[in-house]
Amino acid sequence: MINKSYKFGYLTVIILCVIAMGVGAKFDYLITDTLYSPTNAFGILFEAFAYLPIYLFVPFFGGCLMIRNQNKAYLFIFGLMIMLCSLGLFGYVGAKHLLQRNFIGKINPYLCGIFSGLLSAFLFIFLRKLKKSSLRKIQSLCSFALFYLMGETALIFAVKKICGRDRYEDIITGGNFAFADWFRPVFFSEGSSFPSGHVGAAMGIMTLLLLPFLFKAFQKRKLPLFIFCYYIFFWRGAQDYSQTVYDSYIDCPPGIVYDEQYKIREKKGATRG
């Protein structure tokens, strides 16, 4: 049941997160207030785009669907629409976040469309050059990531209803908001900051840890890949200290268990051809 490839890494992260949540129980506001930097350009860019990795499995899934079903017009068109619409939406959502931070002056929908078309073309060309076996593996990984996303989203929004925490950026800008400790739930409040959906989605990058299992080229890069995934995840722009730690914690058990279950199903699928 345990993902043996990253067992030590996962357990280490879980222990550190438990300790960090204990520290956050007393110093959450102080740490957040000290580290919070919504005007940092690097942080703004990461806030706008760092949660997208899990959603990027959507256009990859669409591209694989296109190439593996070129003789079936309805599936080819369906895959094309998935790829174009998802990449266009990503560009728009990212631009919207940059606009909220005054990083850009306005959103240009035409540029979003151009962005979608160019990336779709590059993605299609890239996927088309791969072997059939590689395409099958990528589509399988994308399918797993999408189910992971749905389960993770359901869990996060269920916890939101229990915690009811106001956003830190709302608290410091004034209004009828108050900072709440993470361990004191406020049931069915209008606050929806804890846990963060964006941080949880960013945690979806951990799905990439399945790459060494699927492709031999990654087998000698397990530790760098693990460190890279957590490095990307923790670089968040405008999130509370405790909710970043909490999202990391709740996404470790799925990584430990679900990844191993995926490997078992993938091996059975490869045997069937």
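Reader: What percentage of the 273 residues in the chain is buried?

Author: The model is predicted, so local features need pLDDT of at least 70 and side-chain atom pairs count only at pLDDT 80 or more, while totals for chains, interfaces and linings use all residues. Residues are numbered from 1 along each chain as its sequence is written, and side-chain values use heavy atoms, with hydrogens and water left out. Buried denotes under 20% relative accessible area, exposed over 50%, and partly exposed in between (1.4 Å probe, protein chains only). Of the 273 residues in the chain, the buried share is 47%.

Reader: How many helices and strands does the chain have?

Author: Both are DSSP runs numbered from the N terminus: helices (H or I) of at least four residues, strands (E) of at least two. The secondary structure comprises 12 helices and zero strands.

Reader: Which element gives the most to the largest nonpolar core?

Author: Such a core is a set of buried Ala, Val, Leu, Ile, Met, Phe, Trp, Tyr and Cys residues joined through side-chain atoms within 4.5 Å. In this core of 40 residues, Leu127, Leu209 and Phe226 touch the most other members. Elements giving two or more residues include helix H1 (7-35), helix H4 (73-100) and helix H6 (132-163). With eight residues, the leading contributor is H6.

Reader: Is Ile15 buried or exposed?

Author: Ile15 is found in helix H1. Its relative accessible area is 54%. Because that value lies over 50%, Ile15 is classed as exposed.
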